[in-house]
Structures are given as C-alpha cells and as structure tokens.
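I opened this model to look up a few points and jot them down. My notes follow the display.

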Amino acid sequence: MTTETKTDQEKAKELSDKIFKTVTDFKDSFQCQKCGKCCEEGSGVALWPHEFKRIQRLKKHIFRYITYLNNWHVLKMPCVFYNKRSHKCKIYDKRPIACRLYPLGITLDGSTRISSNCTAIKKEGSNE
Ligand code: SF4
Ligand code: SF4
C-alpha cells in the first residue's frame, strides 16, 4: 500500500505554484489607473519583518509613519513614501510585497481576494 501523504516541502511547492499562477493571471489582465489611491487611503500596508528592517533603514523616525497591529508593522496611510506631486512611490524598487501585489491580496493559506477599493477594479465593475 502506498501512502499519499504529502511532505511539507511538496505542500509548500504546491502553494507557491498556486500563488504564482494566481498573481501572473491577475497581473496580466490588470490595468492600473495610476490614481495613487492605494498609497493615500485605506488601512495601511502590512510589512514582513525583513521589509520593516529595510524600510527602517530608508527613513529616519520611521515609527512616526508606522503602526503595530496584530503583530505586524503597518505603514500608515497616506504613505510616507508617496510623492503626491509626481504620483510616484519614492521607494518603488524597494516597495513591500503587498504594494507589488495590490489590488490582489494573498493570505498565508494561499487564498486570494481582490480589493474593491481599487479604482481600476471599481471601473471594471461598473462595465465602463
Ligand atoms: S488604487 Fe488601483 S488603480 Fe489606483 S493606483 Fe492603486 S492599484 Fe492603481
Ligand atoms: S511603499 Fe510605495 S507603493 Fe507602497 S503604499 Fe507607499 S508609496 Fe505606495
């Protein structure tokens, strides 16, 4: 009799493949309107520990711009790295994963959700 139990490594590979496919499919079809809303409004950007360390090196007095919620450091909105004049992110190449994925959000179990606050998603929903 063979056992069908998957190893942790196999499960992790399956999950990362699933996430990669979801992100690729979504990003291929998504057209950002570059409105900047996601850098100015909302509940903030949750940072992984390594991202928080990186961001801490990029900005003096970072704790003024961060809150701590459910064991996560979260960038407050409007984001300190958003340039209102140019509508650009000042740390674009170093921006957190949550910003790279937005409006797609992925939980640790691999399930996904799309933010209905995103201007492009709202537009799509209105069939314009
Ligand atoms: S809210 Fe949506 S459309 Fe606007 S900048 Fe963010 S991702 Fe792009
Ligand atoms: S880090 Fe950059 S992309 Fe992310 S919310 Fe701030 S300004 Fe926007």
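**Helix H1**

I looked first at how well H1 is covered. H1 is hardly covered, with zero buried residues among its 22. I kept in mind that this is a predicted model.

Next I checked the length of helix H1, residues 8-29. At 1.5 Å a residue, its 22 residues should span 32 Å. The end C-alpha atoms lie 32 Å apart, so the span agrees with the expected value.

**Ligand 1**

I listed the residues around ligand 1. Cys32, Gln33, Lys34, Cys35, Gly36, Lys37 and Cys38 are among them. The list also includes Tyr102, Pro103, Cys118, Thr119 and Ala120.

Which helices each supply at least two residues of this shell? I found helix H2 (37-40) and helix H5 (119-125).

I then sorted the shell around ligand 1 by class. Seven residues are nonpolar, three are polar and two are charged.

**Ligand 2**

I did the same for ligand 2. Cys39, Cys79, Cys89 and Cys99 are among the residues that surround it. Val45, Leu75, Phe81, Tyr82, Ile91 and Arg95 also belong to the surroundings of ligand 2.

By class, the shell around ligand 2 has nine nonpolar residues, no polar ones and one charged.

**Strands S2 and S3**

In which sense do strand S2 (residues 66-69) and strand S3 (residues 72-75) pair? I noted the antiparallel sense, over four bridges. Tyr68 has His73 in S3 as its bridge partner.

I looked at the turn last. S2 and S3 form a hairpin, with two residues between them. Asn70 in the turn has a positive phi of about 45°.

Terms used: Residues are numbered from 1 along each chain as its sequence is written. Chains are lettered from A and ligands numbered from 1 in the order in which they are written. This is a predicted model: local features need pLDDT of at least 70, side-chain atom pairs count only at pLDDT 80 or more; totals for chains, interfaces and linings use all residues. A residue is near a molecule or strand if its C-beta atom, placed from the backbone, lies within 6 Å of it. Ala, Val, Leu, Ile, Met, Phe, Trp, Tyr, Cys and Pro count as nonpolar, Asp, Glu, Lys and Arg as charged, and the others, Gly among them, as polar. The expected span of a helix is 1.5 Å times one less than its number of residues. A residue is buried if 20 or more other C-beta atoms lie within 10 Å of its own, exposed if 12 or fewer, and partly exposed in between; C-beta atoms are placed from the backbone. Two strands pair if DSSP finds at least two bridges between them.
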